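Here is a short report for a reader new to this structure. It goes from the core to the chain contact, then to the DNA and some single residues.

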Protein chains: 2
Amino acid sequence: MRTTIYDVAKKAEVSMSTVSMVMNNKGSISDATRKKVMKVLEELQFTSSRSSIVLKKRSAYTVGLLIPNLENPLFVEIARNVCQRGHELGLSVVICNTENDAEKEVQYITRLKEKNLDGLILAGGFENDAILQEVVGEGLPIVLIGQNIPSLGVDSVHVDDCLGGYQVTEHFLSLGHQTIAVFAENTRSSKERLHGYRQAIKDAGLEYNESLVFVCDSTVSSKQLAKQILGLINRPTAIFACNDLLAVGIMQGAKERGLRVPHDLSIIGFDNTILSRSIDPPLTSVDQPIEEMGRQGIDLLIERIEGKEKTKRQVILFPKVIFRNSTKTHPI
Amino acid sequence: MRTTIYDVAKKAEVSMSTVSMVMNNKGSISDATRKKVMKVLEELQFTSSRSSIVLKKRSAYTVGLLIPNLENPLFVEIARNVCQRGHELGLSVVICNTENDAEKEVQYITRLKEKNLDGLILAGGFENDAILQEVVGEGLPIVLIGQNIPSLGVDSVHVDDCLGGYQVTEHFLSLGHQTIAVFAENTRSSKERLHGYRQAIKDAGLEYNESLVFVCDSTVSSKQLAKQILGLINRPTAIFACNDLLAVGIMQGAKERGLRVPHDLSIIGFDNTILSRSIDPPLTSVDQPIEEMGRQGIDLLIERIEGKEKTKRQVILFPKVIFRNSTKTHPI
DNA sequence: GTGAAAGCGCTAACAA
DNA sequence: TTGTTAGCGCTTTCAC
C-alpha cells in the first residue's frame, strides 16, 4: 500500500494538516515541528498522490499541447521547448499528436478535460474549429503557438508570417527571379506567408499570378507536384516552400527532373528546421524563434490560468531569413 | 461547478452506484434503467473525473514514455507509435524528454509515480541505472524499447543490433572496402552494433582495429570528427554510422573536406529515419521496424500491468538494410 | 436490480 | 501553533 500523508503524520506525531501545511509552506508552523515533519518526509521518501490533490483542488497543474504532426521537426521543436519551460515551472505538459484528425482532436480534448487540465496550447493547425469555440466558451485558457485565429479571441504567439513571406519573395526578386512559385499548405500560417508573397510581388510592380500557387500537404506530394510543374515549358525559376518539409520534397522532385539547386532552381523554405541544415545543398530558410515561442506560450498561458490577464494578447515575433546555398541569381 | 455522477443520478432518478455501473458495464442493470441513464449521460455530455477514479482505483491508465532526445527522429517516431497504440487502447501516454540528463530522469519518474502511473517504457539510453533498479524493485512494470539491459530483468523489444552491424559491415566488405571506420554513440545499442561490425571483420579474416572506432554524440561532433579523420593519410574509405544523425554529420564533414559521397567515401547509417531519405545522396541505412516496436512495447507492458505475465520476455526484430546511394565499390 | 454508505489521499476552514 | 473534520467525485461492497 502506498505511503500516505497519514503515515507521515503518525510517524512524526503530528496531525495530517500539519504535514500538509509543511509540504505546501502554508499556515504557521513552529520550527521544531517543521523540522520533525521534514525529517520523516525524507525518511519515508514521501511524495504525495497527485490525484487526491487534483480531486481536492480541481487543478492538475497540467496543460495539454496539441500538435498536428510530429513528422514535422518544427512541431517537435515546439514540443521540446514547451515541455522544457513547463517542467521548469512545475507544470506537466501532455503532448497530444492529433495527426490533423478532427476526431482525435476531440478525443484528446475530452480526455484532457477529464483530467482537470488547466489550459491548452495549440501549436499549428486545427481541424475542428467548433470544438475550440466550445472549449473557449467553457472558459478554459487557451494559447495559440505559431498561428493566430482572430475569431477565437485567445492569446497567441507567432512570427509575422506575412513579413516572412515578403522577405523571401523580396530576396528572390532581388536575385532577378520573375517566375516564383509558392508551395503552401492549407493552414492559416501558410496563407499569411502567401499573403506576404503576394504583397512583395505587387510592390515590385509585377502581376500576381495565382497559377503559380500550389497547395499540397507533405513531402511526398510536394515532390510529385514539383516534378510535374518543373517539366513545364515556362517553369518557375524559384520556389518558395511554406515549410522545410515541402522544400525537401521539391528538392527531390527537382533532382529527379535533372535540375540542380541552386544552379537551375532556387528554393527557400520556412521554419529553419534541422532539415534545412541536413539536406544538400543547405536550404535557405526562414527562422522562427521557437525557444522564445515555447517560453512565451507557456508564460502567457500561466498568466491566463492565474487569472491575471483578461485582455487578449498577441506576441508577434520577427522571422529571420537564414541564408544558405539554395538560391542563386537568375540568369537573365 | 463540474457535472458529477451525482448530478446524473439525480436527473435520471437513480442512485450514483447505478450510474457508475452503467458507465462501467458492471453489475446487472435492467434495460429500462440503463437506457434512462444513458440518455441523461448523453444529455449532460457527462465525462467522469479522472482523478477521482484514479484515487479510488489506484491506477491512472497512464504509462510514461522516457525518451532521451527528441532531436533524433528515431525517438520521435517511437513516441508517435507508442502514443498511437496507447490511444487505441485507451491508455494515456506521457512523453518525457529526459535529454540524457540523469537529474531529469529522476524528476520525471518521481512525478509519474505521484500520478499513479501503471507502467514505464524506456526508449533508448538511460543515464541513471540506479533509479531504474529501484523502480523495478518497487514492482512497477517496465518495458525497454530499442535496447536490452540484461541485468534489469525486464521485458524488451528491439532489433538485433548486432546483426544490423554485421550486415552493414558485410556489405562494405563485399564492395571491397578494407578500412571501415565506425562512429558510435556511448549507448548499449551502439555497442551491440559495433559488436556486429567486429564479428564481420573477423569473419572476413581481417584484423579488428580499435583505432577505427570513434565515439561521439551528436551531429556536430560527428562532423568535426569526420573532418578530422578524413584528413588522415590512411583515411577510411567507408564509415558505418551507428545512427542517421551521426551519418548526417559525417556527410557534412566529408563535404567540407571536398570528398564526394559515395564516390570518395561510402557511408551507411542506422535507423532509416526521415533524415536518410532527405539528405543528398540518399543514405543507405538499417531499418528498425518502429511501428512494430511501438505496438509490441505497449502490448508487452499491458500484459505485464494486468499481471498475466511473470517471466521476462524479449522480442527481437530483424533489422533490414535499405539500400540507397551512399555506398560504392572501393577502387582497388 | 438497485441504493446506502464507506473510503481512496489530500486540503482548508474552523476549533481549540 | 496545531488538530478536527468535512468534503473533492468516484467505485464498491453489502443490504435490501
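## The nonpolar core

A nonpolar core is a set of buried Ala, Val, Leu, Ile, Met, Phe, Trp, Tyr and Cys residues joined through side-chain atoms within 4.5 Å. Buried means under 20% relative accessible area, exposed over 50%, and partly exposed in between (1.4 Å probe, protein chains only). The largest such core here has 144 residues. Those that touch the most other members are Leu65(A), Phe183(A), Tyr197(A), Leu65(B), Phe183(B) and Tyr197(B).

Contact means heavy atoms within 4.5 Å. Leaving aside neighbours within four places in sequence, Phe183(B) is in contact with residues including Phe214(B), Leu225(B), Ile239(B), Phe240(B) and Ile250(B).

## Ground rules

This is a predicted model, where local features need pLDDT of at least 70 and side-chain atom pairs count only at pLDDT 80 or more, while totals for chains, interfaces and linings use all residues. Residues are numbered from 1 along each chain as its sequence is written, chains are lettered from A and ligands numbered from 1 in the order in which they are written, and side-chain values use heavy atoms, with hydrogens and water left out.

## Where the chains meet

The size of an interface is often given as the accessible area lost when the parts come together. Buried area is that loss, taken with a 1.4 Å probe and summed over both parts. Chain A and chain B bury about 4,100 Å² between them. Carbon and sulfur atoms hold 51% of it. In chain B, the residues that lose the most area to chain A are His87(B), Arg111(B) and Glu114(B). Together they make up 16% of what that side buries. The contact takes 44 residues from chain B and 44 residues from chain A.

## DNA strand C

A residue is near a strand if one of its heavy atoms lies within 4 Å of it. Around DNA strand C there are 26 residues. The closest are Ile5(A), Thr18(B), Ser30(B), Thr33(B) and Lys56(B). Of the strand's atoms that come within 4 Å of the protein, sugar and phosphate account for 66%.

A polar contact is a pair of N or O atoms within 3.5 Å; within protein, one must be able to donate a hydrogen and the other to accept it, and residues adjacent in sequence count only if both atoms are side-chain atoms. A polar side-chain atom of Lys26(A) lies 3.0 Å from a phosphate oxygen of DNA strand C. Lys56(A) places a polar side-chain atom 3.2 Å from a base oxygen. For Lys56(B), the partner is a base nitrogen at 2.9 Å. Helix H2 (16-24) and helix H4 (50-57) of chain A, together with helix H2 (16-24) and helix H4 (50-57) of chain B, are the elements that give two or more residues to this surface. Helices (H or I, at least four residues) and strands (E, at least two) are DSSP runs, numbered from the N terminus.

## DNA strand D

DNA strand D also has 26 residues around it. Ser28(A), Ser30(A), Thr33(A), Lys56(A) and Ile5(B) come nearest. Sugar or phosphate makes up 63% of the strand's atoms within 4 Å of the protein, and bases make up the rest.

An N or O atom in the side chain of Ser17(A) is 3.1 Å from a base nitrogen of DNA strand D. A polar backbone atom of Ile5(B) is 2.4 Å from a phosphate oxygen. Ser20(B) has a polar side-chain atom 2.8 Å from a phosphate oxygen of the strand.

## Three buried residues

Thr18(B) is found in helix H2 of chain B. This residue counts as buried because its relative accessibility is 16%. Leaving aside neighbours within four places in sequence, Thr18(B) is in contact with Ile29(B) and Thr33(B).

Ile145(B) lies in strand E4 (residues 142-145) of chain B. Its relative accessible area is 0%, so Ile145(B) is buried. Asn97(A), in strand E2 (residues 92-97) of chain A, is buried at 6%. The side chain of Asn97(A) reaches the backbone nitrogen of Leu70(A) at 3.4 Å. A polar contact of 3.4 Å joins the side chains of Asn97(A) and Glu99(A).

## Backbone details

A cis peptide bond joins Val261(A) and Pro262(A), with omega about 5 degrees. Pro262(A) sits in the loop between helix H11 (244-256) and strand E9 (266-271) of chain A. In chain B, a cis peptide bond joins Val261(B) and Pro262(B).

Gln45(A) is not a glycine, yet has a positive phi of about 50 degrees. Gln45(A) is exposed, with a relative accessible area of 61%. Phi of Tyr61(B) is near 50 degrees. At 32% relative accessibility, Tyr61(B) counts as partly exposed.

Methods
Buried area = accessible area lost by both parts, 1.4 Å probe.
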